[in-house]
Every structure is written in C-alpha cells, then in structure tokens.
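Visitor: Hello! I am new to protein structures, and I would like a close look at one part. Could you take me to the long kinked helix and its surroundings, and then on to whatever else is worth a stop?

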Amino acid sequence: PWIRIIWNMVFTAAPIIVYCVLEQDVPADLALKYPELYRDGPDDVQFNGFKFFQWTCFAIWDGLVAIFGVFVSVYGLGFAVDSDGNNADYWMTQSVSYTVLCFSVNLHLFLHTRYWNCITQWSYWLTLISWPIFAFIYCSSICVFLESPPMYWVWFNLLGSPSFYFVVVVLVWMALLPDIIIHYVRRTFFPRPVHVVQEIANSSEYRAEHPPQGKWCCEKGDCCCNCMARLWCNCC
C-alpha cells in the first residue's frame with residue numbers, strides 16, 4: 001500500500017510539475033516572430049478528444065507491457081530474475097513491473113520536453129532514481145514494520161540478477177516505442193507550424209546567432225561563459 005500511495009507523490013510528481021511550469025516549446029523571440037503559432041490555442045490542438053484518447057492508449061499500452069511483458073519474460077521465456085537463478089515469485093514480478101512503469105512514465109515526458117535547464121534535469125533524474133532508492137530502503141528490515149514482510153530482500157535479489165536489467169531495458173523501450181514512432185512520423189511527414197519553428201531553433205544558424213546563456217565551461221574552471229562568475233550568476 002505504501003508504494004501505491006506515493007506513486008503520484010514522489011515517483012511521478014516532480015517531472016510533470018516542472019514541465020507544466022517551465023516548458024517552452026519554442027524560444028520567446030521565435031514565438032513573437034511567428035504569430036501563427038498561437039493558432040494552436042483557439043484550434044484546441046493540444047486539448048481535444050483525440051489527444052486524450054492518444055495518451056489514454058499510451059497509458060494502457062504501458063500497463064500491458066509492464067504486466068504481460070514481465071509475465072511472458074519470466075514464465076514464458078524462462079528469464080530468471082532472482083539472483084539465485086530461480087523464477088521470480090509474485091512480489092518479484094510486481095517489483096519488476098513497477099520498475100518498468102516508473103521508468104516508462106517519466107521517459108515519456110523526456111521525449112516531449114524541449115526546454116532543458118538545471119531545474120528540469122535535476123527533477124527528472126532525481127525522480128528516476130527515487131524508486132530504486134526507495135526500494136533499496138523499503139526492502140530492508142523496515143518493510144517488516146510497515147506490514148509488508150513479503151517484500152523483505154526482494155530488491156536485493158533482483159539487483160543480483162543480470163536478467164532483471166535486461167528485462168527492464170527491453171520492456172521500457174517497448175513501452176516507449178509507439179510514442180517514438182508517432183512522434184517521428186508526425187514531425188517528419190505531418191509537421192505543424194510549431195514543429196517547423198522548433199527545427200529553426202535547432203538549426204546551426206539560429207544557435208550561432210543566439211548562443212545559450214549561462215553555459216558552464218569546464219575549461220574555464222566551471223565558470224559561466226558570459227560573466228565568468230562561479231556558481232550562480234545573473235546570466236543563469
């Protein structure tokens with residue numbers, strides 16, 4: 001029950017909050033230069049029934065991959081996700097499924113993030129490692145006091161099995177594959193104005209005219225390339 005309770009509080013909360021607050025699909029100067037980008041709002045491009053259906057399908061697909069993918073891998077193909085080489089029990093298979101879900105849900109957001117900064121990167125990466133850290137603590141002796149004794153030492157047995165890492169990597173990629181394909185096909189063959197402007201922002205000409213501010217240079221002793229100040233500065 002504890003794992004279910006903190007799903008939305010810890011393992012998936014920070015990235016979506018940071019994304020909603022800080023995400024910028026295009027730079028501010030290009031947004032002013034191309035006013036047709038604002039048609040997405042009145043036309044309900046991002047908020048419509050099809051988008052809701054699409055993300056619902058992604059969620060269902062992630063769940064199917066996490067549940068049946070682990071089931072087929074462990075019991076159908078005979079992958080042993082136990083450090084002793086034995087097939088996993090219920091608690092181990094569910095831990096693998098939960099791991100796949102945590103990574104796939106957050107990596108979906110990685111694919112759609114355009115504006116990366118220190119806050120975005122820290123929140124995303126800390127969220128990704130929060131589940132392994134929590135599982136490491138939860139599966140120790142503390143699980144007995146939290147009325148979950150079957151979880152004792154489960155995570156440690158999983159970490160000792162190479163099959164665990166293989167199954168997680170393969171299933172996470174399977175979960176992300178439809179989103180990657182749709183993302184590629186839409187941007188390549190059916191681009192919207194925002195996709196075209198994003199490509200302009202990624203061009204070498206635009207980057208040369210608009211160098212990133214607050215860039216840290218290791219060759220200059222981790223100083224800001226704009227003002228040469230250490231640590232935090234006004235440029236950043």
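Guide: Happy to! Read from the start of the sequence to its end, the chain runs α-α-α-α-α-α-α-α-α-α-α-α-β-β. That makes twelve helices and two strands. Please keep in mind that this is a predicted model. The chain has 236 residues, and 37% of them count as buried. Contacts also reach across the sequence: among those between residues at least 6 apart, 63% join residues at least 24 apart.

Now to your helix, α10, which covers residues 162-189. Let us begin with its length. Its 28 residues, at 1.5 Å a residue, should span 40 Å, and the C-alpha atoms at its two ends are indeed 40 Å apart, so expectation and model agree. The helix is not straight all the way, though: at Leu176 α10 bends by about 40 degrees. Look just past that point and you will find a proline, Pro178, which follows within four residues of the bend.

Which residues of α10 are buried? The list begins with Ser163, Phe164, Val167 and Val168, and goes on with Leu171, Val172, Ala175 and Leu176. It ends with Asp179, Arg186 and Arg187. Notice that Leu176, where the helix bends, is itself among these buried residues.

Two other residues of α10 make a good contrast. Trp173 sits in this helix and has a relative accessible area of 53%; because exposed means over 50%, Trp173 counts as exposed. Val169 is also found in α10, but its relative accessible area is 48%, so Val169 is partly exposed. Both can guide your eye to residues from another stretch of the chain. From Trp173 to Phe103 there are 70 residues along the sequence, yet their C-alpha atoms are 9.8 Å apart in space. Val169 and Ser104 are 65 residues apart along the chain, with their C-alpha atoms separated by 9.8 Å.

From here, let us step over to helix α6, residues 90-112, and find His108. Is His108 buried or exposed? Its relative accessibility is 4%, and since anything under 20% counts as buried, His108 is buried. Leaving aside neighbours within four places in sequence, His108 is in contact with Trp55, Asp62, Ala175, Leu176 and Asp179. You have met some of those names already: Ala175, Leu176 and Asp179 are among the buried residues of α10. So you can see that His108 touches Leu176, the residue at which α10 bends. On top of these contacts, the side chains of His108 and Asp62 are joined by a polar contact of 3.0 Å.

Our next stop is an empty space. How do we find one? Rolling a probe the size of a water molecule over the atoms shows where empty space is left. In the whole structure, a search turns up one cavity of 30 Å³ or more. The largest cavity has a volume of about 30 Å³. Its lining is made by Val18, Tyr19, Leu22, Glu23, Thr113, Tyr115, Thr120 and Tyr124. Two helices, α3 (13-22) and α7 (118-138), each supply at least two residues of that lining. The largest share, three residues, comes from α3.

Take Leu22 and Tyr115 as your landmarks here. Leu22 belongs to helix α3, and at 25% relative accessibility Leu22 counts as partly exposed. Not counting residues up to four places away in sequence, Leu22 touches Tyr115, Asn117, Ile119 and Thr120. Another lining residue, Thr113, is 91 residues from Leu22 along the chain, while their C-alpha atoms are separated by 9.9 Å. Tyr115 lies in the loop between α6 and α7, and its relative accessibility of 32% makes Tyr115 partly exposed too. Beyond its neighbours within four places in sequence, Tyr115 is in contact with Leu22, Glu23, Gln24 and Thr120. Pro27 is 88 residues away from Tyr115 in sequence, and 8.8 Å away in space, C-alpha to C-alpha.

One last stop is Asp44, in the loop between α4 (28-33) and α5 (49-76). Phi of Asp44 is near 55 degrees, a positive value in a residue other than glycine. With a relative accessibility of 42%, Asp44 counts as partly exposed.

Conventions. Residues numbered from 1 in each chain as written. Predicted model: local features only at pLDDT ≥ 70, side-chain atom pairs only at ≥ 80, totals over all residues. Heavy atoms only, no water. Buried < 20%, exposed > 50% of the residue type's maximum accessible area, 1.4 Å probe, protein only. Expected span 1.5 Å × (residues − 1). Bend = angle between axes of the 7 residues up to and from the residue. Polar contact = N/O pair within 3.5 Å; in protein donor to acceptor, adjacent residues only side chain to side chain. Contact = heavy atoms within 4.5 Å. 1 Å grid on protein atoms, 1.4 Å probe; cavity = no way out; pocket = protein on both sides within 12 Å on 5 of 7 lines; lining within 4 Å. Points joined across faces, edges and corners; volume = space filled by probe spheres on them.
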